[in-house]
Amino acid sequence: MLIGRDGERARLREVLADIRRGRGAAVVIRGEPGIGKTALLDDLRSAATGVRALSARGVESEASLAFAGLADVLRPVLDRRGALPPAQRTAIEAAMALGPPAVPDRFAAYAAALGLLEVVAAEAPLLVLVDDVHWLDVPSREALLFCARRLGDDPVAIVATSRRAPHDDLDIGGIDEIALGPLDEASSRRLLRAALPGADESLLRTLLDDAGGNPLALVELPRGLDEDERAGVRAPPRPPRAGEALVRSYRSLLARLPAPARRACLMVAISEDAGSSALDAALAREGGRREDLATAEAAGLVVIAGGTARMRHPVLRSVVRELATPAERRAAHRAIADALDPASDAEARAWHLAEATLGPDEEAAAALEQAAMAAAARTAYSAAAGALERAAALSRDPAAATARRLRATELAMAAGRPAWSLSLLEGARDGGAAATHLRGLVTLLAGDLDGAFRTLVEGARHEAARSPTAAAAMLADAVLTRTIAGDCHTALAVARQAFAIDPEGPTRVPSLVGYLAGTLVLRGQARAARPLLERFDVLTAEVDVTSPVGQMVVLSASWRGWLGDYEVTDARLDQWIDQGRASAAVGFLGFVLAFGCEMDFRLGRWGRARSRGEEALALLAETGQMGPSGYAAASLACVEGGLGLTDDARRRASETLEVAERLRVASAETYARAALGFASLGEGDPQRAVGDLARLEADTLRHGLAEPATVPWQPDLVEAYVRAGRVHDARRVLATLSEQAHRTGGVWALAVTHRCRGLIDDDLDRHFGEALRLHGRLPLPFDRARTELAYGARLRRAGRRTDARMHLERALAVFEDLGAQPWSRQAREEIAASGARLRPRAGGRPGEDLSPRELQIALAVAEGATNREVAGRLFLSEKTVERHLGSIYRKLGVRSRTELARHVATGALRR
């Protein structure tokens, strides 16, 4: 029976009530050792009638074993993995070492774990209990947190316990927390009297003071008393510091055991990853017997159940290890390593070998390296990096140590941990070009663009004579730092240097071709960039876009989009998004969905653009990819501004701008300022739009951005100046836009140049007519509608009302089809001013009030996907899809998938 904790127990009963009602929940119970976290889990388990429970317990000795904790949770239900979509099944089998390596995206296994929990929960409410989550291996912690943040419409609850102090890798933001403090006086006294009946008040008072409200101490302190202390003949010694009372009690219990039983306790304390047979063999190697374990069990120190043995409490495990001499600990580790099967227990055996050695040991280092490669193949990159770091420390050969440390750095980068990557590199100063290149990439990943650039350029200078290809590869990545920083001048100069430094470089390092093409585009040299882009496509035709190398291929799609290859770019993005969903490549999807958001906005699919932008931001945050997040947020802010969600757009763009300015990421700053100006212009506030956009005129000139289609701010600033009556300023910006448009030859840039001339010059028919002719060559309905609006407005002011209404009505039809409310309002005001009778305002297109998630689901279902297939694509549960689909039907006024498909076929949901 649990004494006290009534409030905490009631909160956890609510968790059970939630999953019984079909809702998900996640809670972390925090507190110091012995405060009662495990007791609360046991109490919750006992109350979970009619609920299936899965459990795991973090053990310090298993903290380095890849996916050990997740395997403990999922092992009882792995037989249900056949119900998962193929990609998720492949990912979970790879992670659990039940199948070959899958997609190199560690989040694929996490999505598969969520899918498996949902499959099991479809049969009965599911409770996942994880004790000491801070001791789980990093991939398991990440997987469980990924699941915990995505529980919604499934009857799954994850309840975990953790120490009070946050762990470096335990970010529980967004998850409910229960903080356990000391027991109150009354509950403490009840618990102590149950453990020490008949004790006098003086002894009780002493023990209450020593325990400090810690339930474990209240139970264990009486066990450490000798007969005189228990009888009150002699007072127990007072602990010298807080918490020492519990340790003192355990020491007293251990001191009473025979030496063989203490050795058996040590074996258990360091080998909770070993099975019964391995433990027996290890005991035998140390001259012990199974009966020694029985003695420890009888003393209440060891628990033997289900063929395994464990210490009764983590604090006790720590005390046992502390009291053993270093030599005794090494001997125990060696005995366990010798007892483990090198084939089936290779990873655990490697770590025990490492702990058994006193100095460099190539056997242990090689075993750890082999374990690391196996963990990396299962996408457990943190575990793999840790194993290689330890292997490097144990290596006899300095060259082997450096090689292992460099590989560990790469894996730590793959795990999204730049700070650790940098610390690993500190021990690889003699790693040559490879180490320098890695240092530059890690510095880039950490957000220090200037530091990364200096490291890569300096490294290339030292390496140029010895290895031109290595130097060129470093310079290629240095280009990326300047592109992100917005310094197009330097980016192009370095790209050309990288391209010229090694005649064979472009074939060996395709990114040289890609980055030169991209920087040429940014500098407004589109004609020179096109043949390089064609060459880059050939060189990367076989690249897996879901791999880290593939991000370069995705980047090239944006360059093609800026050059006007909209249909090709759009088709590629759709293909890549489908590929990422099919392979459950969660990390890759955030990156490519961000580009999809911008492309959909330009192509007039604003509903899907908003949906993709929301999903991109969520996935980028989930996977820790802060680099593309600014671009994704600014792109989404443009969509929101166009839709009339001005407050959302301004908040999002302002937040992006703040981060971009702090980190000196000028590219994101440009996108954010453009989004702010576009929102202001749509709202009819030209003065504010000028304030938002005017700084970009000087910034882009300084940075060398000379391709107008990259960030389309110039037409907005020209229009804002004209509306504000500042025609001279408008002509100045237009002159730059016109020069760039005619130099690049971009159809979009030429079209908006003519639109802007039509806003200013008297020969409006010629300019607007040419703009509309050029728009006819582009699949960009919003830009054409803006030209129709501007043309109609000028015609109305010129007294040509009939001609004006024709253009204004066309603009209004497009704006309403897009859901562009601010622009629809402007068109209606112009039509009213022309003296025409306004047709009734559209009552809202079908699907106009669908949420971004609902729109995603509606489009997928309309394409013929089943609920299960939609769930797999979007990393949702079938129940969540079902709930959203019901809402979609209500909002659209349809009753079947066939009717929904009809809506999509007519274009009703593809705005």
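Biologist: Arg755 has its place in helix α39, and I would like to begin there: why does Arg755 count as buried?

Modeller: Arg755 comes out at 1% relative accessibility, and buried means under 20% relative accessible area, with exposed over 50% and partly exposed in between (1.4 Å probe, protein chains only), so Arg755 counts as buried. This is a predicted model, in which local features need pLDDT of at least 70 and side-chain atom pairs count only at pLDDT 80 or more, while totals for chains, interfaces and linings use all residues. Residues are numbered from 1 along each chain as its sequence is written, and side-chain values use heavy atoms, with hydrogens and water left out.

Biologist: Which residues is Arg755 in contact with, leaving aside neighbours within four places in sequence?

Modeller: Contact means heavy atoms within 4.5 Å, and on that basis Arg755 is in contact with Pro715, Phe768, Ala771, His775, Asp783, Arg786, Thr787 and Ala790, its neighbours within four places being left aside. Arg755 and Val718 are 37 residues apart in sequence, with their C-alpha atoms 10.0 Å apart in space.

Biologist: What makes 550–562 a helix, and how many residues of α29 are buried?

Modeller: Helices (H or I, at least four residues) and strands (E, at least two) are DSSP runs numbered from the N terminus; α29 has 13 residues, of which 11 are buried, and is thus mostly covered. Among these buried residues are Trp559, Arg560 and Trp562, and the cover includes α27 (511–522), α28 (526–539), α30 (566–582), α31 (586–602) and α35 (666–682). Just after α29, Gly564 takes a positive phi of about 100°.

Biologist: Where is Phe67, which has a positive phi, and why does Phe67 count as buried?

Modeller: Most residues other than glycine have a negative phi. Phe67, in the loop between β2 and α3 (68–74), has a phi near 60°, and its 1% relative accessibility is why it counts as buried. Asp132, in the loop between β3 and α6 (138–148), likewise has a positive phi, near 55°, and counts as buried at 5% relative accessibility.

Biologist: What makes two strands a pair, and in what order do the 5 strands of the open sheet stand?

Modeller: Two strands pair if DSSP finds at least two bridges between them; the order of the open sheet is β2-β3-β4-β1-β5, and the pairing is parallel. β2 (52–57) and β5 (176–179) stand at the edges, each with a single partner strand, so one side of each has no neighbour in the sheet. Neighbouring strands are turned by 15° against each other on average, direction ignored; here axes are lines fitted to C-alpha atoms, for helices over the stretch in contact, and angles run from 0 to 180 degrees between N-to-C directions. β2 and β3 (126–131) pair over 6 bridges, with Arg57 opposite Asp131 in β3. Helix α2 (37–47) packs on this sheet by touching β1 (25–30), β2, β3 and β4 (156–162), and its direction makes about 160° with that of β3.

Biologist: Why is β1 described as largely enclosed by the rest of the structure?

Modeller: The reason is that 6 of the 6 residues of β1 are buried. Both faces are covered, with Ala25, Val27 and Ile29 on one side and Ala26, Val28 and Arg30 on the other. On the sheet partners, 6 bridges join β1 to the parallel β4, where Ala26 stands opposite Ile158, while 4 bridges join β1 to β5 in the parallel sense, where Arg30 stands opposite Ala179.

Biologist: What makes a space a cavity, and how many cavities of 30 Å³ or more are there?

Modeller: On a 1 Å grid over the protein atoms alone, a cavity is a set of points where a 1.4 Å probe fits but cannot get out, and lining residues have an atom within 4 Å of a point. Grid points are joined across faces, edges and corners, and a volume is the space filled by probe spheres set on the points. The count by this rule is 7 cavities of 30 Å³ or more, and the largest holds about 350 Å³. Of the 20 residues lining the largest cavity, Phe601, Arg602, Cys638, Pro712 and Asp716 are the closest to its centre, and α35 gives the most to the lining, with 4 residues.

Conventions. On a 1 Å grid over the protein atoms alone, a cavity is a set of points where a 1.4 Å probe fits but cannot get out, and a pocket is an open set with protein on both sides within 12 Å along at least five of seven lines; lining residues have an atom within 4 Å of a point.
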